[in-house]
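Work through the exercises below with the sequence and the model open. Each task is followed by a solution in steps.

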Amino acid sequence: MEESKILQYFEGKTILITGATGFLAKIFLEKILRVQPEIKKLFLLIRAVDKRSAEQRLREEVLNTELFRVLDEKYGADLIPFLLSKVIPVCGDFSYENLGIYDSKLRDEMWQEVDIIVNSAATTKFDETYDVAMGINALGAMHVQKFATNCSKIEMFVHVSTAYVQGSSVGLIPEKPFHRGETLDGARISYLDIDTEKRIVEERLRGFEAQNATELEIASAMRNLGIDRAKLHGWANTYVFTKAIGEMLLEKLEDNVKLLIVRPTIITSTYKEPFSGWTEGLRTLDSIFVAYGKGKLNFFVGHPNSSLDMIPGDMVVNSMLVAMAMHTNQPSHRLIYHIGSSLRNPLKYEDMRWLMYYYLTKNPLLDTGGKPIKVKKGKVLETMASFHRYIAIRYLPFVQMLKLVNMILCNQFGNLHANARRRIDYSIRLAEIYKPFLFFHGTFDDTTTENLRTTIKGSEMFNFDPSCIQWEEYFMNTHFPGITKYALK
């Protein structure tokens, strides 16, 4: 498929984007405005109390970011008029019916004009409270689907999920859809009753209200509930569990609407567009890089040969745009695309560990006094059992000593002991949450995605071929510098 044909597909189209202030949605928005200025309208659903607040969030959190500097250079003084003619911030909340859009005139306009919906909204915290994760990742997808049924012109629904909804399988993991009620291998229960999960959330919240529980107590209990319910059904954490439920709830989409489910792996900073290395916040494993660079991490948990499946954000967006243009002419109602690198260009955990060491040795982070922080190679704990032994030998004796001293000195060291205990508990919790990724030995099949790639082979504008990435060059010259420039401001 020629680049011109892809661009032509989006000419005159109206797109609704949820999660508009999120990392991937920003890259999508910038790309479509840059390569196809003849797009008709882009409705951006933004959580805000009113229209003015939505406009303010659009300016401050989206358009004023450095990501849009190429557009700024291209249009100069004409950029704002151009954006105002295309981009419409919509005050709403997709965790509610009708996406929380109370402006009936605007809602009717959207129902009449929207051609494509891109649902990229999500909470990506692995241990998000169960009520929040269920409301956004699961029920939010259902609300967007219901909104889509009222759109008279809609032809396509694009749902951004994650490849890790497939669990921690070993070997080749196929691009297959979920069906309602399905659980994963290893589940302690054979059927996922989504209505029961919703009822459990509601009952727990009512119970906390009756007990006059504090917000902190509720949040802690709901985080634990999410992890427990996820593991009961075979998923590792609340995030992937609720994203899987979200996919299941899209089964009811109308037959005349094409459903495209994009499942990226671990999304990293931009590879090429609009420029290399743009990122925002600490994404997934970036927190390990920062903790290591700041001297707060002197050991690594994970099997050296485990697979780290990563893909730059601009490649994910390119795959979405090509799939949308191609999918309109295909008979299949629902297609799944794994967007990752483990099959075409695998990266091992041990490789990443050494790359972090080499980079931080040459480009150390600075402490609060402006002095470079020297990193050590760090001990590698290849199993969870070795991790727990290491904690027990290196850290627990100190905590137990503090506890004893605190008892002898009448609680003079109470805060110190509590903080030390809390840090250990937090480290153990993080290791348990990240375990499926740090000990991942699967490979995501991307046959459908590869078929898509062959249609635009050689295209620079829509490149999403992970085999062209030289990982050492990318991390040393693009991703790690991007973290230090954009995420550690």
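**Exercise 1. The pocket lining**

Task: Find which helices and strands each supply at least two residues of the lining of the largest pocket, and which of them gives the largest share.

Solution. The model is a predicted one. Step 1: the helices that each supply at least two lining residues are H2 (23-35), H9 (215-232), H10 (238-248) and H16 (414-438). Step 2: strands S2 and S8 (266-268) also each supply at least two. Step 3: the largest share comes from H16, with 6 residues. Step 4: the whole lining counts 49 residues, and those nearest the pocket centre are Ala122, Thr123, Thr124, Lys125 and Tyr239. Step 5: the space in this pocket is about 1300 Å³.

**Exercise 2. The sheet and its edges**

Task: Give the strand order of the open sheet and state which strands stand at its edges.

Solution. Step 1: the order of the 7 strands is S3-S2-S1-S4-S5-S7-S11, with parallel pairing. Step 2: S3 (87-91) and S11 (334-339) each have a single partner strand, so one side of each lacks a neighbour in the sheet. Step 3: from one strand to the next, the twist averages 20°.

Step 4: at one edge, S3 pairs with S2 (residues 41-46) in the parallel sense over 5 bridges. Leu42 has Val87 in S3 as its bridge partner. Helix H6 (residues 104-113) lies across S1 (14-18), S2 and S3, and runs at about 130° to S2.

Step 5: at the other edge, S11 pairs with S7 (residues 258-264), again in the parallel sense, over 6 bridges. Here Arg263 stands opposite His338 in S11.

**Exercise 3. An edge strand and its surroundings**

Task: Decide whether S11 is largely enclosed or left open by the rest of the structure.

Solution. Step 1: S11 is an edge strand with a single partner. Step 2: of its 6 residues, 5 are buried, so S11 is largely enclosed by the rest of the structure.

**Exercise 4. The nonpolar cores**

Task: Name the residues that touch the most other members of the largest nonpolar core, then follow the contacts of Leu42.

Solution. Step 1: this core has 136 residues, and Phe10, Leu33, Leu42, Trp235 and Met324 touch the most other members. Step 2: the helix H12 (residues 313-327) gives the most to the core, with 10 residues. Step 3: a second, separate core has 27 residues, including Ala141, Ile154, Val257 and Ile336. Step 4: leaving aside residues up to four places away in sequence, Leu42 touches Ile15, Ile17, Leu29, Ile32, Leu33, Lys86, Val87 and Ile88. Val87, in this list, is also the bridge partner of Leu42.

**Exercise 5. Two residues to classify**

Task: Thr478 and Ala48 are to be classified as buried, partly exposed or exposed.

Solution. Step 1: the cut-off for buried is under 20% relative accessible area, and exposed means over 50%. Step 2: Thr478 has 12% relative accessibility and therefore counts as buried. Thr478 lies in helix H18 (residues 471-487). Not counting residues up to four places away in sequence, Thr478 touches Ser269, Thr270, Ser276, Gly277 and Glu473.

Step 3: Ala48 has 21% relative accessibility, so Ala48 counts as partly exposed. Ala48 is in the loop between S2 and helix H3 (51-63). With the same sequence neighbours set aside, Ala48 touches Ser53, Ala54, Cys91 and Gly92. Phe68 is 20 residues from Ala48 along the chain, and their C-alpha atoms are separated by 22 Å.

Methods. Residues numbered from 1 in each chain as written. Predicted model: local features only at pLDDT ≥ 70, side-chain atom pairs only at ≥ 80, totals over all residues. Heavy atoms only, no water. Pairing = 2+ DSSP bridges. Helix = DSSP H or I, 4+ residues; strand = E, 2+ residues; numbered from the N terminus. Axes fitted to C-alpha atoms, helices over the stretch in contact; angles between N-to-C directions. Contact = heavy atoms within 4.5 Å. Buried < 20%, exposed > 50% of the residue type's maximum accessible area, 1.4 Å probe, protein only. Core = buried A, V, L, I, M, F, W, Y, C linked by side-chain atoms within 4.5 Å. 1 Å grid on protein atoms, 1.4 Å probe; cavity = no way out; pocket = protein on both sides within 12 Å on 5 of 7 lines; lining within 4 Å. Points joined across faces, edges and corners; volume = space filled by probe spheres on them.
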